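User: I'm new to this structure and would love a close look at one part, the open sheet. Could you walk me through how its strands are ordered and what lies around them?

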Amino acid sequence: MRADVITIFPEYLAPLDLSLIGQARRRGVLDLRVHDLRDFTHDRHRTVDDTPYGGGAGMVMKPEPWGEALDRLVAGQASRPVLIVPGPGGMPFTQAMARELATEDWLVFGCGRYEGIDERVYEHAAHLAEVRVVSLGDYVLNGGEVAVLAMVEAIMRLVPGVIGNAESLVEESHEGGLLEYPVYTKPASWRGLDVPDVLLSGDHGRIASWRHRKRLERTAARRPDLLHTASAITSADLESVP
Ligand code: 6GU
């Protein structure tokens, strides 16, 4: 998988050198390149923003550097990437979207700052890529960089070869639409708090049904909105949680 990130803060993406993503890059499984948007400016101040037409607060990212960056990266290439522009006004980023994006050959992330990017950049980009504006949730970040860190991690860990243990991918929160069950490790008793007996029983059937019950309870308590769309759930399950 190839991924390019266009940003005015390349140093913000430094964590992508670390941990499993960093290892995958060094092993050549991921070809991840970070580009400074200011390298596509031509004035002495390397200007990337200007005041909004029509007035209003804040600044807008100028179209020219984005146009040049996208042309340089994408135009004339054999394949067409998916261009992901993080922003609070986008479609919700979900595990399903991460799974789908993990099957793509080439992703480009365009990090906006300020009040956003001149709308004509999206129009131009649609000729070069499949453009998606994507939001992490209903809150506002200062720019797309932190969102790209989160999205790249969520997507890349699903790319075959990035994570050693494929089994650890299947039973996580949101797989099957329920949150994960609680986990414990040694010691069996700690500060007067005991690991539930069933987990020490060796009875794999009882352990599986205990875990399923805990996933239901936890989802009902924290994310009741998920209960009615979860695939890992029966109508009997639904009746048994508050
Ligand atoms: Cl993806 N970007 C920005 N800038 N703010 C956000 C976001 C993304 N998701 C939630 N807030």
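Analyst: Happy to! Keep in mind that this is a predicted model. To get your bearings, start with the chain as a whole: the centres of domain 1 and domain 2, taken over C-alpha atoms, are separated by 36 Å. The domain assignment places domain 1 at residues 2-166 and domain 2 at 171-240.

Now to the sheet. Five strands make up this open sheet, in the order E2-E1-E6-E5-E7, and their pairing is parallel. Strand E2 (31-36) and E7 are the edge strands, since each of them pairs on one side only. From one strand to the next, the twist averages 25 degrees. In general, the strands of a sheet pair through backbone hydrogen bonds.

For a closer view of one pairing, look at strand E1 (residues 2-7), which is joined to E2 in the parallel sense over six bridges. There you can find Asp-4, whose bridge partner in E2 is Arg-33.

Next come the helices. Helix H2 (residues 63-74) lies across E1, E2 and strand E6 (106-110), and runs at about 165 degrees to E6. Helix H5 (residues 145-156) lies across E1, E5 and E6, at about 115 degrees to E5.

Finally, follow the sheet to the ligand. There are 13 residues around the ligand, and Pro-86, Pro-88, Leu-136, Leu-141 and Ala-147 come nearest. Strand E5 (82-92) and strand E7 (130-135) are the elements that give two or more residues to this shell, with E5 giving the most, three residues. By class, the shell holds eight nonpolar and five polar residues, and no charged ones.

Methods:
Residues are numbered from 1 along each chain as its sequence is written. This is a predicted model: local features need pLDDT of at least 70, side-chain atom pairs count only at pLDDT 80 or more; totals for chains, interfaces and linings use all residues. Domain bounds come from an automatic or database domain assignment. A residue is near a molecule or strand if its C-beta atom, placed from the backbone, lies within 6 Å of it. Helices (H or I, at least four residues) and strands (E, at least two) are DSSP runs, numbered from the N terminus. Ala, Val, Leu, Ile, Met, Phe, Trp, Tyr, Cys and Pro count as nonpolar, Asp, Glu, Lys and Arg as charged, and the others, Gly among them, as polar. Two strands pair if DSSP finds at least two bridges between them. Axes are lines fitted to C-alpha atoms, for helices over the stretch in contact, and angles run from 0 to 180 degrees between N-to-C directions. Two residues are in contact if their C-beta atoms, placed from the backbone, lie within 7 Å.
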